[in-house]
Amino acid sequence: MVAKKLIQLLLSISILLSGILFNDQIAFASNNIQDSKFIMHGAVKYAKNCAVCHGKIAQGTPNWHEPDANGNYPPPPLDGSGHTWHHSKKVLTMVIKKGGKPMGGVMPAFENKLSDKDISSIIAWFQSHWPEKILKTWQGNYPKK
Ligand code: HEC
């Protein structure tokens with residue numbers, strides 16, 4: 001009995017902690033966003049491959065809508081404050097795989113560096129930073145994608 005109680009307590013603490021760590025958005029998310037292990041995988045891959053440009057917490061560059069001296073746009077935020085949520089998961093996956101070149105951008109392609117699982121978990125990670133309202137709108141716009 002005591003052991004069972006203890007396990008329950010530990011479980012609720014870890015659920016509480018993951019809620020705090022992931023901005024409390026997990027419950028509202030789609031796909032694999034509820035899966036904190038999967039999100040952790042995405043967090044690690046994001047930190048290694050994307051944070052250098054898009055920022056540690058996906059906040060992007062402050063003046064991301066203004067092109068630089070070469071006419072290139074700086075890395076946008078992926079945290080829901082930009083327009084990442086205007087795209088389906090299919091489109092986001094394609095941007096990450098192919099990079100910005102097909103659209104005349106400068107982001108490198110990741111199709112030879114990251115697996116489909118890596119990419120999907122990175123998307124789940126940055127979606128865990130989206131405000132609840134944005135996430136819900138996105139889910140409504142792109143059901144099951
Ligand atoms: C060298 C800098 C750089 C790196 C590294 C990088 N990006 Fe980007 N990313 C950009 C830039 C700049 C853009 C804007 C389009 C362009 O110029 O290609 C962009 C655009 C995007 C977009 C489209 C956003 C939108 O709102 O439409 C997504 C999604 C994205 N990046 C995800 C990622 C992910 C995930 C990674 C890591 C796997 C990553 N990027 C790594 C620079 C980078």
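Here is a walk through the structure, from its overall make-up to one helix and then the ligand.

Keep in mind that this is a predicted model. The protein has six helices and zero strands, so reading from the N terminus you simply get α-α-α-α-α-α. Of its 145 residues, 24% are buried. Among contacts with a separation of 6 or more, 56% link residues 24 or more positions apart.

Now let's zoom in on helix H5, which covers residues 116-127. Does its length add up, and what should we expect from 12 residues at 1.5 Å each? The expected span is 16 Å, and the end C-alpha atoms sit 16 Å apart, so the two agree.

H5 is also largely enclosed by the rest of the structure, because nine of its 12 residues are buried. These are Ile119, Ser120, Ser121, Ile122, Ile123, Ala124, Trp125, Phe126 and Gln127. What do they pack against? Their partners are helix H2 (36-49), helix H4 (89-98) and helix H6 (132-141).

H4 turns up again once we move over to the ligand. There, 24 residues form the surroundings, and the closest are Cys50, Cys53, Gly100, Gly105 and Met107. Helix H3 (51-54) and H4 are the elements that give two or more residues to this shell. As for chemistry, the shell has 15 nonpolar residues and nine polar ones, with no charged residues.

So H4 is the link between the two parts of this tour, because the buried residues of H5 pack against H4, and H4 also gives two or more residues to the shell around the ligand.

Notes:
Residues numbered from 1 in each chain as written. Predicted model: local features only at pLDDT ≥ 70, side-chain atom pairs only at ≥ 80, totals over all residues. Helix = DSSP H or I, 4+ residues; strand = E, 2+ residues; numbered from the N terminus. Expected span 1.5 Å × (residues − 1). Buried ≥ 20, exposed ≤ 12 C-beta atoms within 10 Å, placed from the backbone. Contact = placed C-beta atoms within 7 Å. Near = placed C-beta within 6 Å. Nonpolar A, V, L, I, M, F, W, Y, C, P; charged D, E, K, R; others polar.
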